[in-house]
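Here is a short round of questions and answers for a newcomer. Look over the sequence and the model, then read on.

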Amino acid sequence: MSGWLTPEVAGQLADGLVVTVALTVLTTISSLALGIGVGAARVSGGRMTRRAAGAFVEVFRNVPALIQIIFWAFAFPSAFPTGIRATLFFDNPVVAAAESVTGLSLPYYAFAACLGLTLNTGAHLAELFRAGAGTVARSQVDAARLLGAGPREVQWSIVVPGAVRGAFPAITTRLIHNMKNTALASFVAVPELFQTVQASITQTFRAVELLALAAAVYLGLAAAMGLALQRADVWLHRGRDRVAPS
């Protein structure tokens, strides 16, 4: 083992990698659910619902993820009086239980990072979903209606799966981008990979080596995630033509 990569530093980086993977998994699931829900509202909802969903997309897609993370971590709690703020966000049984399970000293900040990433990525995914809905053949929708399917059945059995399949290559790119955005959680003291790299640099003064190692780890994570999502894409398209219908 190299002199700068001591067992202590390696342990810190491994812990940070675990937090990064956890953030990625949580925000991938939550942003997919949010994006599909908002995207479906934009495609098939009533006029007011479509407008509300469109406003959500425009706001959370265009405000940088870092600003959203910092807002939820610092600005939002500051809107409450000091005593209420502590009780709601930092000193209550739920936070204490989360701290005991995760080992994070300030689990609310991790929640704020997840919320900011979910809102930002979910808004992007909603727009991709709306574009993917355009690949669903009108004949499929008409056939389902002729067979007696109601609007909700058509939406969740035909439109939503077809939109996800049509947009999945772009969704894959966005989810990998979200994984890289987990590094922004370091700005609110979440001990993910990049934050632990920064801490290790202050201990060892080996910035070049540690940043190169971080870059290699992120490349590996992106490659692994890309492979997993590629397999998911194959599963989604099993037995189906990949060419978008005209």
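Q: Is Arg206 buried, partly exposed or exposed?
A: The model is a predicted one. Buried means under 20% relative accessible area, and exposed means over 50%. Arg206 has 32% relative accessibility, so Arg206 counts as partly exposed.

Q: Which residue does the side chain of Arg206 meet in a salt bridge?
A: The contact is 2.8 Å, N to O. The partner has 25% relative accessibility and counts as partly exposed. That partner is Glu209.

Q: How many salt bridges does the structure hold?
A: One of them joins Arg206 and Glu209. Another joins Arg42 and Glu127. The structure holds a total of 4.

Q: How many residues apart in sequence are the parts that Arg42 and Glu127 tie together?
A: The side chains of Arg42 and Glu127 meet in a salt bridge of 2.4 Å, N to O. Arg42 lies in helix H1 (residues 7-44), while Glu127 lies in helix H6 (residues 107-133). The pair therefore ties together parts whose separation in sequence is 85 residues.

Q: Is Glu127 buried or exposed?
A: The cut-off for buried is under 20% relative accessible area. Glu127 has a relative accessible area of 18%. Its partner Arg42 is buried. Glu127, too, is buried.

Q: Which residue is linked with Arg42 and Glu127 in a network of salt bridges?
A: Glu127 also meets a residue 3 positions away in helix H6, a separation of about one helical turn. That salt bridge is 2.8 Å, N to O. The residue has 38% relative accessibility, so it counts as partly exposed. It is Arg130.

Q: At which residue does H8 bend?
A: Helix H8 (residues 151-181) has 31 residues. Its end C-alpha atoms are only 37 Å apart, short of the 45 Å that a straight helix would reach. The bend is about 65 degrees, and a proline, Pro169, follows within four residues. The bend is at Phe168.

Q: What is the area of the nonpolar surface patch made by Val21, Val25 and Ile29?
A: Val25 has its place in helix H1. At 43% relative accessibility, Val25 counts as partly exposed. With Val21 and Ile29, Val25 makes a nonpolar surface patch of about 250 Å².

Technical notes:
Residues are numbered from 1 along each chain as its sequence is written. This is a predicted model: local features need pLDDT of at least 70, side-chain atom pairs count only at pLDDT 80 or more; totals for chains, interfaces and linings use all residues. Side-chain values use heavy atoms; hydrogens and water are left out. Helices (H or I, at least four residues) and strands (E, at least two) are DSSP runs, numbered from the N terminus. The expected span of a helix is 1.5 Å times one less than its number of residues. The bend at a residue is the angle between axes fitted to the seven residues ending there and the seven starting there. Buried means under 20% relative accessible area, exposed over 50%, partly exposed in between (1.4 Å probe, protein chains only). Patches are made of residues with over 30% relative accessible area and no salt bridge: like charges are joined within 9 Å, nonpolar side chains (Val, Leu, Ile, Met, Phe, Trp, Tyr) within 5 Å. Accessible areas come from the Shrake-Rupley method with a 1.4 Å probe; for residues, only the protein chains shown count as cover.
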